[in-house]
Amino acid sequence: MENRSYFVKTNGTSGNKTTSINALISGKPMGVVNGKNHAHGDGVGHVNPSPAKAMKGRRLRWTVKPSEMSINTVNPIRSIVDEMKLTPHPDKPMIALSIGDPTVFGNLPTDDAVLQAMKDAIDSHKYNGYAPSVGYATSRQAVANFYSCPKAPLEAEDVILTSGCSHAIDLVISVLCNAGDNILVPRPGFSLYKTLAVSMGIKVKFYDLLPEKEWEVDLKHMESLIDDRTSCLVVTNPSNPCGSVYSKEHLQKILRVASRHCVPILADEIYSDMVLPGCECPSMASLSSDVPILSCGGLAKRWLVPGWRMGWVLIHDRNDVFGPAIRQGLVKLSQRILGGCSIVQGALEGIFNNTPQSFYDNTISLLKVRELWCCDQVAALFLLHRVHLFFFFFFFFSLCPAEICYSGLSIVPGLRPVRTSGAMYLMVGINMDHFPDFQNDVDFTERMVTEQSVFCLPTSPISTQKTTFIVSNQHPVPAVKKKPVH
């Protein structure tokens, strides 16, 4: 209640005959407030505090400041890209290999069964209102049915539906960590982990990935970072941005580290179904006997609908370590924005049950190989003038992200691509000694845009390696005359 004494005049002529509301409440004599007689004023009014008190609680000018959370929210990729000098070649269309959206160029459409499930949900008129903050029970059960397995069983109560996988990651970090805690994050890694954590006052410790071992975790380095304030270990598999897929044996080694130190895992598994043939990607939960895991996923990548903003948290609580508290915490946090789109929730069961396996197989096939060229031609073209090198950075990657691009870049002196096994990414190391005209990976990337209108992302903001990474987004290939090889 504000610090003012309200009074009611009971006689229109004598200020001494006033009834103080404070007096009625406190039992003090009428007209006496704080030991003083306040007998003045007309009708119903208030007694102003002293000028000094009034000045203390009053703003004399507008001073609207941003919150500390907003100030601390920084995307390291954006901070670099926004400062880059990007002037595309005027005669060449811009080729953006920096976008992790599989749909942006229109040549990776979702399946008709996915669209039909959405149409059916709309036509049913059942999903036009607010859904429960954690999602409809039937929709949560549909997710549980799809991802449940004997070694990692799921029920509807183990699923929290979210507004995309990014929201799922936000919920997990928020429920496990307090300001002053620290989380372990891969380097190179998805920049969102740091963006979210730092904005909440959570320290980020980066554990190294080893390019010479196809981006496996440096387990000794990771374990050395753990202390009594480590509240979460983030594992991204398949990796964004490295494109690596960890073996069962390597995942088990990571789990043993987490087990020794009693640290729960945030498993970012949004790309778990985008794995090239010959590779397997078991979920971390299916391999864990004692480490509790919160797995984050969504529709975006496997079903090629990132704009539909449907994600989920899968709660794998080993030995009841989380107990009811973490589950209740996730529920409370989900109530901040009321979860994912209700119409998409209504379509989930149809999407899971009716999308044919051939759709998934075709998507992987497009990511792996689309057109093969003679290896001798590839080698000769890469060894032409540097401008051709920049061009084929894009050209072969779009034609064949996994195989042709890797093979082509491998023969270029000074470039060291790391073979990809999943997701949509290929990391290319740059030995700057071979490129004395460039200062760093940012300069290298800028010149690619200037000379050939090809935009890749430098990874210096998220990695200690001097690398740039290319995003396989299956850009439509423009008509190009094949130059003769001399």
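In what follows, helices and strands are DSSP runs numbered from the N terminus. The structure shown above is a predicted model, and these exercises walk you through it.

**Exercise 1. Get an overview: how many helices and strands does the chain have?**

Step 1. Count the elements: there are 17 helices and 19 strands.

Step 2. Look at burial. Of the 486 residues in the chain, 51% are buried.

Step 3. Turn to contacts with a separation of 6 or more: 71% of them join residues 24 or more positions apart.

**Exercise 2. Find Lys301 and describe its surroundings.**

Step 1. Begin with the record. UniProt, in an unreviewed entry, lists Lys301 for "modified residue: N6-(pyridoxal phosphate)lysine". Such annotations may be inferred rather than shown by experiment.

Step 2. Place the residue: Lys301 sits in the loop that links β13 (293-298) to β14 (311-316).

Step 3. Is Lys301 buried or exposed? Buried means under 20% relative accessible area. Lys301 has 11% relative accessibility, so it counts as buried.

Step 4. List the contacts, leaving aside neighbours within four places in sequence. Lys301 then touches Gly100, Pro102, Ile270, Tyr271, Met274 and Met424.

**Exercise 3. Trace the sheet that holds β13 and β14.**

Step 1. Write down the order. This open sheet has 8 strands, running β7-β14-β13-β12-β11-β8-β9-β10, with mixed pairing.

Step 2. Which strands stand at the edges? They are β7 (159-162) and β10 (216-217); each has a single partner strand, so one side of each lacks a neighbour in the sheet.

Step 3. Zoom in on one pair. β13 and β14 are antiparallel, with 6 bridges, and Cys296 stands opposite Val313 in β14.

Step 4. Add a helix. α7 (residues 164-176) lies across several strands, including β7, β13 and β14, and runs at about 160 degrees to β13.

**Exercise 4. Work out which way helices α5 and α13 face.**

Step 1. Check the length of α5 (residues 112-124). Its 13 residues reach 18 Å from first C-alpha to last, close to the 18 Å expected at 1.5 Å a residue.

Step 2. Find its buried residues: Ala113, Val114, Ala117, Met118 and Ala121. Seen down the axis of α5, the buried residues fall within an arc of 145 degrees, so they line one face of the helix.

Step 3. What do the buried residues of α5 pack against? Their partner is α12 (342-354). The face turned away from the buried side carries the exposed residues Asp112 and Asp123.

Step 4. Repeat for α13 (residues 357-368). Its 12 residues should span 16 Å, and the end C-alpha atoms are 17 Å apart, which agrees. Phe359, Tyr360, Thr363, Ile364 and Leu367 are buried. Down the axis of α13, the buried residues fall within an arc of 130 degrees, so they too line one face.

**Exercise 5. Look for unusual backbone angles.**

Step 1. Recall the background: most residues other than glycine have a negative phi, and most peptide bonds are trans.

Step 2. Where are the cis bonds? One joins Arg187 and Pro188, with omega about 0 degrees; Pro188 is in the loop between β8 and α8 (192-199). Another runs from Asn237 to Pro238, with omega near -5 degrees; Pro238 is in the loop between β11 and α10 (248-261).

Step 3. Now check phi. Trp215 has a positive value near 65 degrees, and Asn319 has one near 55 degrees.

Step 4. Consider accessibility. Trp215 is buried, with a relative accessible area of 1%, whereas Asn319 is exposed at 61%.

Conventions:
Residues are numbered from 1 along each chain as its sequence is written. This is a predicted model: local features need pLDDT of at least 70, side-chain atom pairs count only at pLDDT 80 or more; totals for chains, interfaces and linings use all residues. Side-chain values use heavy atoms; hydrogens and water are left out. Helices (H or I, at least four residues) and strands (E, at least two) are DSSP runs, numbered from the N terminus. Buried means under 20% relative accessible area, exposed over 50%, partly exposed in between (1.4 Å probe, protein chains only). Contact means heavy atoms within 4.5 Å. Two strands pair if DSSP finds at least two bridges between them. Axes are lines fitted to C-alpha atoms, for helices over the stretch in contact, and angles run from 0 to 180 degrees between N-to-C directions. The expected span of a helix is 1.5 Å times one less than its number of residues. The arc is that of the directions from the helix axis to the C-beta atoms.
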